[in-house]
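Open the model in your viewer and keep the sequence panel in sight. We will go from stop to stop, selecting as we go.

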Amino acid sequence: MSEQIWNLSDNKIVWKVKSGQIHLDDVEMSGLYSDYIVSYGIREDGSLHLARWCYYPTLRTIPNNTHATYFVKITQNDIPQIVKNDCVVTEYPIEFIFDGTLTVISDTKQGFRVKRCLFPASNSRCCIELVTVSAINLLS
């Protein structure tokens, strides 16, 4: 039997990552004009796995055929990378939170924290990823 990794906390689904955990998952979120499918998790080396597919149901190449929906696949190599001292930063997730949006909180070996919040726009044709980088409080 597999280990339960998700827990409910304050109306949110939370996965607090334990050392050595390896797990991949998918979530689909829908806005009014776009859908966002996100594949996320932890690779064998503990680093963040994140791939995104943005679907636009109103942009079909064949009317009334959902398989003809226009979409864009976005991988880690397609987005701007966080760089410090000319080296690409690797993120190591510590927590995943789902409350209608997917939030990924990761630490880095360079001493800062990265928070990614992914969601489809509720009223326009786009998928959004907000990235926040902050210093880790080493005294706590």
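Is Thr 69 buried or exposed? Select it in this predicted model. Thr 69 is buried, because its relative accessible area is 14% and the cut-off for buried is under 20%. Its place is in strand β6, which covers residues 69–74. Now show what surrounds it. Setting aside residues within four places in sequence, Thr 69 is in contact with Tyr 55, Tyr 56, Pro 57, Leu 59 and Arg 60.

**Next stop: Ile 13**

Select residues 12–16. This is strand β2, and Ile 13 belongs to it. Ile 13 has a relative accessible area of 34%, so it counts as partly exposed. That value falls between the limits of 20% for buried and 50% for exposed.

Now add Ile 97 to the selection. In sequence, Ile 13 and Ile 97 are 84 residues apart. In space, their C-alpha atoms are 5.7 Å apart. The two residues also touch. Phe 96 and Phe 98 are further contacts of Ile 13. Trp 6, Asn 7 and Leu 8 complete the list, which leaves out residues up to four places away in sequence.

**Next stop: Thr 101**

Move along to the loop between β9 (91–98) and β10 (102–108). Thr 101 sits in this loop. Show side chains here and pick Asp 99. A polar contact of 2.9 Å links the side chains of Asp 99 and Thr 101. Which residues does Thr 101 touch, not counting those up to four places away in sequence? Select Met 29, Cys 117, Leu 118 and Phe 119.

**Next stop: the β3–β4 hairpin**

Colour residues 23–30 as β3 and residues 35–42 as β4. The two strands run antiparallel, with eight bridges between them. Four residues make the hairpin connection from β3 to β4. Then select His 23 and look across to β4: Ile 42 stands opposite. As you trace either strand, keep a general rule in mind. In a regular strand, side chains alternate between the two faces of the sheet.

**Last stop: the largest pocket**

Switch on a surface. The largest pocket holds about 170 Å³ of space. Its lining is made of 13 residues, and those closest to the centre are Gln 76, Gln 81, Val 89, Thr 90 and Glu 91. Colour the lining by residue class. Six of the lining residues are nonpolar, four are polar and three are charged.

Definitions and conventions: Residues numbered from 1 in each chain as written. Predicted model: local features only at pLDDT ≥ 70, side-chain atom pairs only at ≥ 80, totals over all residues. Heavy atoms only, no water. Buried < 20%, exposed > 50% of the residue type's maximum accessible area, 1.4 Å probe, protein only. Contact = heavy atoms within 4.5 Å. Polar contact = N/O pair within 3.5 Å; in protein donor to acceptor, adjacent residues only side chain to side chain. 1 Å grid on protein atoms, 1.4 Å probe; cavity = no way out; pocket = protein on both sides within 12 Å on 5 of 7 lines; lining within 4 Å. Points joined across faces, edges and corners; volume = space filled by probe spheres on them. Nonpolar A, V, L, I, M, F, W, Y, C, P; charged D, E, K, R; others polar. Pairing = 2+ DSSP bridges.
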